[in-house]
Amino acid sequence: MGKGGGCVPSKKKQPPVSDDPVSTTREAEPIPVNDEETNDIASTSLEPTISSKLKVFIVFYSMYGHVEGLAKRMKKGVDGVEGVEAFLYRVAETLSDDVLIKMKAPEKDAGIPEITAAELVNADGVLFGFPTRYGCMAAQMKAFFDSTGQLWKEQKLAGKPAGFFVSTGTQGGGQETTAWTAITQLTHHGMLFVPIGYTFGAGMFKMDSIRGGSPYGAGVYAGDGSREANETELALAEHQGKYMASMVKRLAQT
């Protein structure tokens, strides 16, 4: 660099430029790039990862396992529909461990995660299950719905299809009312209530045995807690899962 700040030309003679494209004097060859790797990188960085399957969340509260039994059978129905997949979630418990022990509630399945309200936006459809408390949903499920205020404010769940399934202690103890009173939660979120009607066919008219469930959704009679769901009740739950999955799939295609 000279005092004037200009560049001082080199006195070394520069080699002549060759017309030969393969010149021995050219700079080092660039590192070759595999075209397949380039495409992979481009697709990874520019295209979002999209699941090929629609998602139905089965969100439930179950103290003694009756609702959980329906939920697991319901998952089988959802998973049986091509292109749709079910995910089981439980809502948070509001009772203390001491109270649950006194109520002789069994341990919860650790393989089923608790859900947060924010996660609901990832579902294409939701099935909510809960036991009755005087004709309404159990407090644990109500507490979960109460935590969805931000989703309600932004109407993040609007247009999503949803259904209910329930457990009651006695006949006439809320198989229909428990689901019916829960519709208000969906209404304020702008969600679409999907009842099963009488699509279960002949099983809806069976009178030869005790059976839970109604046109509102699947159900089970728990009695004093010792009664387990019979095959008709479980089959109705599976049917509801299949029915909801088909509805979600239909809505996705419109």
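Colleague: What makes the contact between the side chains of Arg-73 and Glu-238 a salt bridge?

Modeller: A salt bridge needs a side-chain nitrogen of Lys or Arg within 4 Å of a carboxyl oxygen of Asp or Glu. Arg-73 and Glu-238 meet at 2.6 Å, N to O, so the pair qualifies. The two sit 165 residues apart, Arg-73 in helix α2 (residues 66–79) and Glu-238 in helix α7 (residues 231–252); helices here are DSSP runs of H or I with at least four residues, strands are E runs of at least two, and both are numbered from the N terminus.

Colleague: What should I keep in mind about the model itself?

Modeller: It's predicted: local features need pLDDT of at least 70, side-chain atom pairs count only at pLDDT 80 or more, and totals for chains, interfaces and linings use all residues. Residues are numbered from 1 along each chain as its sequence is written, and side-chain values use heavy atoms, with hydrogens and water left out.

Colleague: Why does Arg-73 count as buried or exposed?

Modeller: Buried means under 20% relative accessible area, exposed means over 50%, and partly exposed is in between (1.4 Å probe, protein chains only). Arg-73 has 18%, so that's buried. Glu-238 has 23%, which means partly exposed.

Colleague: How do you know that Asp-79 and Lys-75 form a salt bridge?

Modeller: Same test: their closest N and O atoms are 2.6 Å apart, so they pass. Both lie in helix α2, four residues apart, about one turn of the helix.

Colleague: Why is the pair of Phe-57 and Tyr-89 called tilted?

Modeller: Rings of Phe, Tyr and Trp (its six-membered ring) pair if their centres lie within 6.5 Å; planes under 30 degrees apart are stacked, over 60 edge-to-face, and the rest tilted. For Phe-57 and Tyr-89 the centres are 4.9 Å apart and the planes are at 55°, so the pair is tilted. Phe-57 is in strand β1 (residues 54–60) and Tyr-89 in strand β2, 32 residues apart. Phe-57, at 3% relative accessibility, is buried, and so is Tyr-89 at 13%.

Colleague: What makes the link between the side chains of Thr-199 and His-239 a polar contact?

Modeller: That takes a pair of N or O atoms within 3.5 Å; within protein, one must be able to donate a hydrogen and the other to accept it, and residues adjacent in sequence count only if both atoms are side-chain atoms. Thr-199 and His-239 are joined at 2.7 Å, so the distance fits. Thr-199 itself, at 39% relative accessibility, is partly exposed.
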